[in-house]
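User: I am new to this structure and would like to know what stands behind the terms used for it. Please take me through them.

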There are 2 protein chains.
Amino acid sequence: MQPTVAVLGLGSMGLGMALSLLRSGLAVNGYDIADHGFARLTSEGGVVSASAAEAAAGTDAVLVVVVNAAQTEKALLAEDGVLSGMKSAGVVISCATMAPKDAIRLGEAVEARGFHYLDAPISGGSKKAGTGELTVMASGSPTAFTLAEPMLNAIAGTVYRLGDKPGTGASFKIVNQLLAGVHIAAACEAITFAKRLGLDLTKVYEVITASAGNSWMFENRIPHVLGGDYSPQSAVEIFVKDLGIVQDIGRDTRFPMPLSASALQLFLMTAAAGMGREDDASVARMIAGLTGLDLPTATKG
Amino acid sequence: MQPTVAVLGLGSMGLGMALSLLRSGLAVNGYDIADHGFARLTSEGGVVSASAAEAAAGTDAVLVVVVNAAQTEKALLAEDGVLSGMKSAGVVISCATMAPKDAIRLGEAVEARGFHYLDAPISGGSKKAGTGELTVMASGSPTAFTLAEPMLNAIAGTVYRLGDKPGTGASFKIVNQLLAGVHIAAACEAITFAKRLGLDLTKVYEVITASAGNSWMFENRIPHVLGGDYSPQSAVEIFVKDLGIVQDIGRDTRFPMPLSASALQLFLMTAAAGMGREDDASVARMIAGLTGLDLPTATKG
C-alpha cells in the first residue's frame, strides 16, 4: 500500500513537492499558515487541512518544507498532535535549511517520541520541485531512509545519502549555501562593474559563461538582471538567513569566513533598501542604485 | 607566405602558445628575461634570441605574453629596436591582463609608430595554451584583427571580437578575473569550513559540483586541495595583481566592490604567509594554518 503524506508549508518549494508526490500516486494532505497553494493543491487531487495536526492525522510521513529551524520546530512540536496524530513510527522528512546543531536537536526530539527523522535539505529551486527533480542532501538512520524512500523517489532527481545521523545533511547544505550566496553577490558585483566599464552586458554574459569566471549562480541569476525581472524566484531574505547561519557557526567555532561575511552584508544592504522579498539578483539593483548606473528594466507586456 | 612571429615571454602560457604557433607551421622566434622554455622551444623547431629586439627583428607579428602592463611596456617600448626591427605595419598582440587604461595607452603608443595593436588577453590556463585552445578576449582595429588571424587561429579555440579599440578586451578580462578570484577564495573558504564541520571532503566535492553552489573554479581548484598538491598551475601572486587592478579601478571610479576587496585580502594573507608563488588554492592552506585544520597532504611518489 502507498504511504499517505502530509506536506507542511506550501510555498514555492512545498507546493511543487506536494504536486510531485500526488503525481507519483501518493495521497497528499497539505497545510500552510497562509493560504499558499491551497487552490492548486486541491485542483490536482490533494486535500487541504485547517491545521498542521489535521494534515498529519493518520499519515505515514510528514514533509516539513518551511523556512527555518524555528518554523520546523513549531510545525512539529508546538502544535498539539502533529506527531501523535501520525501513524506510529512514521517518518518526518525535514527540508528547511538550518544549522546542523538544530537538525541534531530536532532529530533527537522527534526520535524520542518514537518517530523517525530524516535531515533532508533540498536544492534545485521551485521549477525542479514541481518536476520532481530536486537534489536532496540527506542524513538519518537506515530506517528513516527506508520509510522516506517513496517520497524521495517522487520529489528528487538525486538523493545524496550522507550519513546515518541528522546534522550531516544540514552541514552539506550550509556549505552549498555559503558558495551559492557568495556567487550571487559576486555575479552582481561583476555585472555592475562591467556596466561601469561601459561593456555590453549581453556580451559579458556570453563571454563569462564560457570562461573560467563562470558559476552556476552567474549563469542562472544574471538573466534576471539582463531582463530587468526581479520577481522573486528566490528572495534576498533567504540568503540573509542562510549566510547568517554560516556566520553564526563561524563565530561559535572561531572560524573566520570574511568572504561570506562580506556577501551577507551585501544581502543586508539590499534588504535594507527595501528589496528583501524580491529576487536575490536585486543585489545588482542595490549596487546600481548607489552608484548611479542604469541597468536594464523589464519591457512591459 | 606564412607570417613569422616573435613571442616575448616564455613562461607557462607563452611557451605553450609558441609551441602551438610552431605546430601550425609558423616560424617562431622566442625571448624571455629568464631562460624559461628555451630548451623546449628550440627542440620543437623554434629559435631563441638573446634579446627582445633580436627576436622581433624581421617578424610580421609580436606576441607579448608577460605578466602585466609594466612588463609589456618594457618589452615593446623600452628596449631599443623591438618595434622598429619588425616588418613595417606589423601587428603587436598583447596578452597580459592589465587595466583598460593601460591597454588604451599602449595601443596608442604602438599605433603612433605605424604598427597595429590587438588588445588580446587570454584565458584557459597553460594546458590549453599548449593545445592551441585558449579563449582570447580581443579588441582592436579591423586591420589588427586581420593581421593577427593566423596567430589567433593557432593559439585559440575561441576568439571573442569585442570591439574596435584596445581597452575593451582588457575590460572583459578584468571582469572575468574579478569572478575567478572571488570564486577561488570562496572555494577555499567553503572547503575549509566543510572540514571544520567534520565532513568528508571528497563527498563535498561530489555534492557541490552537482549543485547550485558550483563554479568553474571550485571544480578546477578543489582537486588541488584534495590531493594536497599546491605546485603552481596559477600562482597566488596572479590574483594579488589582478584583484589589485580591479580595486584600483574601483577607487579611481568611486565604484565599491567589497567582495573582491575581501578576496584580495585573502590572497594577500596567503602571500604574506610565504605562499605567493604557489598554487592559488593555497588560500585553503592559509586558512587551515590559522585555524588548526588538517587538510590532505600529497602522497609521496
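User: Which residues have the most contacts inside the largest nonpolar core, and how many residues does that core have?

Analyst: This is a predicted model. Its largest nonpolar core has 217 residues. L8(A), L63(A), V64(A), L8(B), L63(B) and V64(B) have the most contacts inside that core.

User: What does L8(A) touch, not counting residues up to four places away in sequence?

Analyst: Contact requires C-beta atoms within 7 Å. With those sequence neighbours left out, L8(A) touches Y31(A), A52(A), A55(A), V62(A), L63(A), V64(A), V65(A), V66(A) and A75(A).

User: Why is strand β1 of chain A called largely enclosed by the rest of the structure?

Analyst: A residue is buried if 20 or more other C-beta atoms lie within 10 Å of its own. In β1(A), residues 4–8, 5 of the 5 residues are buried, so the strand is largely enclosed. T4(A), A6(A) and L8(A) point one way, V5(A) and V7(A) the other way, and all are buried. In a regular strand the side chains alternate between the two faces of the sheet.

User: How do you know that β1(A) and β2(A) pair, and in which sense?

Analyst: Pairing needs at least two bridges between the strands. β1(A) and β2(A), the latter residues 27–31, have 5 bridges and pair in the parallel sense. One of the partners in β2(A) is N29(A), bridged to A6(A).

User: What makes β7 and β9 of chain B edge strands?

Analyst: The open sheet has 3 strands in the order β7-β8-β9 of chain B, with mixed pairing. β7 (122–123) and β9 of chain B each pair on one side only, and are the edge strands. β7(B) and β8(B) meet the cut-off of at least two bridges, as they pair over 2 bridges in the antiparallel sense. I122(B) has V136(B) of β8(B) as its bridge partner.

User: Which residues of helix α14 of chain B are buried, and what covers them?

Analyst: In α14(B), residues 282–291, the buried residues are S282(B), V283(B), A284(B), R285(B), M286(B) and I287(B). Their cover includes α9, α11, α12 (236–252) and α13 of chain B. After α14(B) comes G292(B), with a positive phi near 75 degrees.

User: How do you know that the two copies are related as by a two-fold rotation axis?

Analyst: A rotation of 180 degrees, with 0.0 Å of shift along its axis, superposes chain B on chain A at an RMSD of 0.0 Å. The two copies are therefore related as by a two-fold rotation axis. In chain B, S215(B) comes closest to the axis, its C-alpha at 1.9 Å.

User: Why is it said that the copies meet through the same surface?

Analyst: Of the interface residues of chain B, 100% are also interface residues in chain A, so the copies meet through the same surface. In this contact, 49 residues of chain B meet 49 residues of chain A. On the side of chain B that touches chain A, α9(B) gives the most, with 16 residues. That side divides into 31 nonpolar, 15 polar and 3 charged residues.

User: Where do the two domains of chain A lie in the sequence, and how many residues does each give to their contact?

Analyst: Domain 1 of chain A is 4–166 and domain 2 is 173–291. Their C-alpha centres lie 29 Å apart. The contact takes 8 residues from domain 1 and 11 residues from domain 2 of chain A. On the domain 1 side, the classes are 3 nonpolar, 5 polar and no charged residues.

Methods: Residues numbered from 1 in each chain as written. Chains lettered and ligands numbered in written order. Predicted model: local features only at pLDDT ≥ 70, side-chain atom pairs only at ≥ 80, totals over all residues. Helix = DSSP H or I, 4+ residues; strand = E, 2+ residues; numbered from the N terminus. Nonpolar A, V, L, I, M, F, W, Y, C, P; charged D, E, K, R; others polar. Domains from an automatic or database assignment. Least-squares fit on C-alpha atoms with pLDDT ≥ 70 in both. Core = buried A, V, L, I, M, F, W, Y, C linked by C-beta atoms within 7 Å. Buried ≥ 20, exposed ≤ 12 C-beta atoms within 10 Å, placed from the backbone.
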